Amino acid sequence: MLELAGLSWRIGAVRIVDDVHLAVPEGEFLAVIGPNGAGKTSLFNLVSGVHRATSGAVLLDGRDVTRQPPHRRARGGIARTFQSSSVFATMTVAEHAELAARAAGARRVTAAAVTRLLARVRLEHRAGDLAAGLSHGDKRKLELAMLLAPTLAGDGPRLLLLDEPMAGVAAEETSELSSVLRELHQGEGRTVLMVEHHMDIVLGLADRVAVMHHGRLLAAGTPAAVMADATVQDAYVGEAL
Ligand SMILES: Nc1ncnc2c1ncn2[C@@H]1O[C@H](COP(=O)(O)OP(=O)(O)O)[C@@H](O)[C@H]1O
Ligand SMILES: [Mg+2]
């Protein structure tokens, strides 16, 4: 579904993303790990179109989208969240979901459809509450609901890029958020790329793990194989995950 062919992003002489080759089959849940500054967010920016590659290519369903702007890639099925969550303080949870559905082209957005959308991320009980009052975990769920809102207008995103979805989320909320992600992947059949630091969460969700270090893809494989990889262990010596 997604293929990165020698994908690189340079700023001046600095190689932020350096010759990454990676193929992600449809339906896979791939976790991207690596130390801070490894280039994980930059990689997502190259896939979603926020940044344009300086060399190499991004292929979506075999088509070269390297030069496409973000909105065209979104139409092709790519959706992403950002590392820090953003919600409008004066809007309710339901209003966020409705706005996202309309922005995606849904003409008639009923309250029932919004409730069903919120239920997919287990947030329907907060529909009438102001988004600003949500916990970090519930804000993350709301972002996921907004990512899925295009399903009210059509098929919705097929490839979800989630950048540290557990960031700032309290420990007691992570297992439910994990369950929501598992349902989007297994229940709805969406392909997921997730940057995540918490290894317990990665091991519980990912089919495969890709390790980045200094902009390069160090290893990609099953969680067990990657954790046993000597080059990966070396990269992490003295660096926090
Ligand atoms: N727009 C930018 N301009 C200059 N340097 C950047 C920019 N974006 C990222 N970088 C640098 O690229 C490196 C990788 O950043 P990033 O992709 O955010 O890493 P990660 O998400 O793995 O922590 C860092 O050294 C960061 O400072
Ligand atoms: Mg990052």
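**Figure 1. Surroundings of Val-87, a residue in the loop between strand 6 (78-80) and helix 3 (93-103).** The model shown here and in the other views is predicted. Val-87 has a relative accessibility of 24% and therefore counts as partly exposed, the range for that class beginning where the buried class, under 20%, ends. Beyond its neighbours within four places in sequence, Val-87 is in contact with His-96, Ala-131, Lys-139 and Leu-142. Ala-230 lies 143 residues from Val-87 along the chain, and the C-alpha atoms of the two are 42 Å apart.

**Figure 2. The whole chain, with nine helices and ten strands.** The C-alpha trace extends over about 50 × 40 × 30 Å along its principal axes. A compact globule of 241 residues would have a radius of gyration near 18 Å, and the value for the chain, 18 Å, agrees with this. Buried residues make up 50% of the 241. Of the contacts with a separation of 6 or more, 67% are between residues 24 or more positions apart. The accessible surface is about 10800 Å², and carbon and sulfur atoms contribute 53% of that area. There are 25 positive and 27 negative side chains, with 9 Å between the centres of the two sets.

**Figure 3. The open sheet of four strands, in the order 2-1-4-5.** Pairing in this sheet is antiparallel. Strand 2 (14-24) and strand 5 (63-64) form the edges, each pairing on one side only. Strand 1 (residues 2-11) is joined by five bridges to strand 4 (residues 55-60), and these two strands run antiparallel. Within that pair, Ala-5 is placed opposite Ala-57 of strand 4.

**Figure 4. The hairpin of strand 1 and strand 2.** Two residues separate the strands, and Gly-12 in the turn has a positive phi of about 60°. Seven bridges connect strand 1 with strand 2 in the antiparallel sense. Arg-10 has Arg-15, in strand 2, as its bridge partner.

**Figure 5. Two residues with a positive phi that are not glycine: Asp-19 and Glu-164.** Most residues other than glycine have a negative phi. Asp-19 has a positive phi of about 55°, and its place is in strand 2, one of the edge strands of the open sheet. The relative accessible area of Asp-19 is 36%, so the residue is partly exposed. For Glu-164 the positive phi is about 50°. Glu-164 is found in the loop between strand 7 (159-163) and helix 6 (171-187). Its relative accessibility is 11%, and Glu-164 therefore counts as buried, the cut-off being under 20%.

**Figure 6. Strand 3 (residues 29-33), largely enclosed by the rest of the structure.** Five of the five residues of strand 3 are buried, which is why the strand is described as enclosed. On one side of strand 3 are Phe-29, Ala-31 and Ile-33, and on the other Leu-30 and Val-32; all of these are buried, so that both faces are covered. Strand 3 pairs in the parallel sense with strand 8 (residues 191-195) over four bridges. In that pairing, Ala-31 has Met-194 of strand 8 as its bridge partner. Strand 9 (residues 208-213) also runs parallel to strand 3 and is joined to it by four bridges. Here Val-32 is set opposite Ala-210 of strand 9.

**Figure 7. Surroundings of Leu-161, a residue of strand 7.** Leu-161 counts as buried because its relative accessibility is 0%. Apart from neighbours within four places in sequence, the residues in contact with Leu-161 are Phe-44, Val-47, Ser-48, Ile-78, Ala-79, Arg-80, Thr-81 and Leu-193. Among them, Ile-78, Ala-79 and Arg-80 belong to strand 6 (78-80), and Leu-193 to strand 8 (residues 191-195). Lys-139, which is in contact with Val-87, lies 22 residues from Leu-161 along the chain, with a C-alpha separation of 17 Å.

Notes:
Residues are numbered from 1 along each chain as its sequence is written. Chains are lettered from A and ligands numbered from 1 in the order in which they are written. This is a predicted model: local features need pLDDT of at least 70, side-chain atom pairs count only at pLDDT 80 or more; totals for chains, interfaces and linings use all residues. Side-chain values use heavy atoms; hydrogens and water are left out. The radius of gyration is taken over C-alpha atoms; the globule rule is 2.2 Å times the number of residues to the power 0.38. Buried means under 20% relative accessible area, exposed over 50%, partly exposed in between (1.4 Å probe, protein chains only). Contact means heavy atoms within 4.5 Å. Accessible areas come from the Shrake-Rupley method with a 1.4 Å probe; for residues, only the protein chains shown count as cover. Lys and Arg count as positive and Asp and Glu as negative; His and the chain ends are not counted. The place of a charge is taken as NZ of Lys, CZ of Arg, CG of Asp or CD of Glu. Two strands pair if DSSP finds at least two bridges between them.
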